[in-house]
Amino acid sequence: MLDLHRVSAEEFKLVEKIPVAVVLDDVRSEMNVGSVFRTADAFVIERIALCGITGKPPSHEIHKTALGAEDSVEWTYHKTALEAVEQLREQGYKICAIEQVHGSVSLERFAVDPGEKYALVFGNEVKGVSQAVVDVSDCCIEIPQHGTKHSLNIACSAAIVMWHFFDALNCGKAAVQRVSQ
């Protein structure tokens, strides 16, 4: 592990983050929540907003998949996802619901603007992103899928979308350089 030159949770808080926040809208599985924390840590996401019935740390179930990332990634709790996205919009974030709706943009066609801050909203495992949040979103993004199923597990979806933003913002090289210094 020492050869990987990983930073501590305390050092991680000082590392420059990409301008992306993740909003979890009524995510019922704490293991999914933990996985999102772990992925957010990997891709230096600014913060996570946990909303509604979404579990929050400290939680044994979250910790099982987060493996400590719940301590390194900043998070807040909001009564509703609508409340969270309204606050993020006031802070200059572009709200992007990750949802299959009429008029959504396929992820590979979504051009990430390095001058923008983004809030990526992921919804409940069964119901998806709440309609109230979809209605106020600046855009809706969907992950292209060509199999027999019409959705992915939220942890998988979050990882794919966070990677897209991380890669598009060209943070990979910068993050590696910061860690190795």
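A polar contact is a pair of N or O atoms within 3.5 Å, and within protein one of them must be able to donate a hydrogen and the other to accept it. With that in hand, welcome to this predicted model. Let us start with a serine that makes such a contact.

**Ser106 and its surroundings**

Ser106 sits in strand β5, which covers residues 105-106. Is Ser106 buried or exposed? Its relative accessibility is 14%, and because buried means under 20% relative accessible area, Ser106 counts as buried. The side chain of Ser106 is joined to the side chain of Glu108 by a polar contact of 2.6 Å. Leaving aside residues up to four places away in sequence, Ser106 also touches Glu142 and Pro144.

**Asn153, in a loop**

Next comes Asn153, found in the loop that runs between β7 and α7. With a relative accessible area of 38%, Asn153 is partly exposed. A polar atom of the Asn153 side chain lies 2.7 Å from the backbone nitrogen of Ala155. Along the sequence, Asn153 and Val126 are 27 residues apart, yet in space their C-alpha atoms are 9.8 Å apart.

Here are the two residues side by side:

| Residue | Place | Relative accessibility |
|---|---|---|
| Ser106 | strand β5 (residues 105-106) | 14%, buried |
| Asn153 | loop between β7 and α7 | 38%, partly exposed |

**The second largest pocket**

Rolling a probe the size of a water molecule over the atoms shows where empty space is left. The second largest pocket has a volume of about 430 Å³. Its lining is made up of 21 residues, and those closest to the centre are Glu99, Gly128, Ser151, Leu152 and Ser157. Both β7 (139-142) and α7 (154-168) supply at least two residues each to this lining. By type, the lining residues divide into eight nonpolar, nine polar and four charged.

**The nonpolar cores**

Which residues of the largest nonpolar core touch the most other members? They are Leu24, Phe37, Ile48, Leu120, Phe122 and Phe165, out of 38 residues in that core. Several elements supply at least two residues each, including β1 (18-25), α2 (30-42), β2 (45-51) and β6 (117-122). The largest share, six residues, comes from α7.

For a closer look at one member, take Leu24: not counting residues up to four places away in sequence, its contacts include Val33, Val36, Ile48, Phe122 and Ile154. Apart from the largest core lies another core of 17 residues, among them Ala49, Leu88, Val129 and Val133.

Conventions. Residues numbered from 1 in each chain as written. Predicted model: local features only at pLDDT ≥ 70, side-chain atom pairs only at ≥ 80, totals over all residues. Heavy atoms only, no water. 1 Å grid on protein atoms, 1.4 Å probe; cavity = no way out; pocket = protein on both sides within 12 Å on 5 of 7 lines; lining within 4 Å. Points joined across faces, edges and corners; volume = space filled by probe spheres on them. Helix = DSSP H or I, 4+ residues; strand = E, 2+ residues; numbered from the N terminus. Nonpolar A, V, L, I, M, F, W, Y, C, P; charged D, E, K, R; others polar. Buried < 20%, exposed > 50% of the residue type's maximum accessible area, 1.4 Å probe, protein only. Contact = heavy atoms within 4.5 Å. Core = buried A, V, L, I, M, F, W, Y, C linked by side-chain atoms within 4.5 Å.
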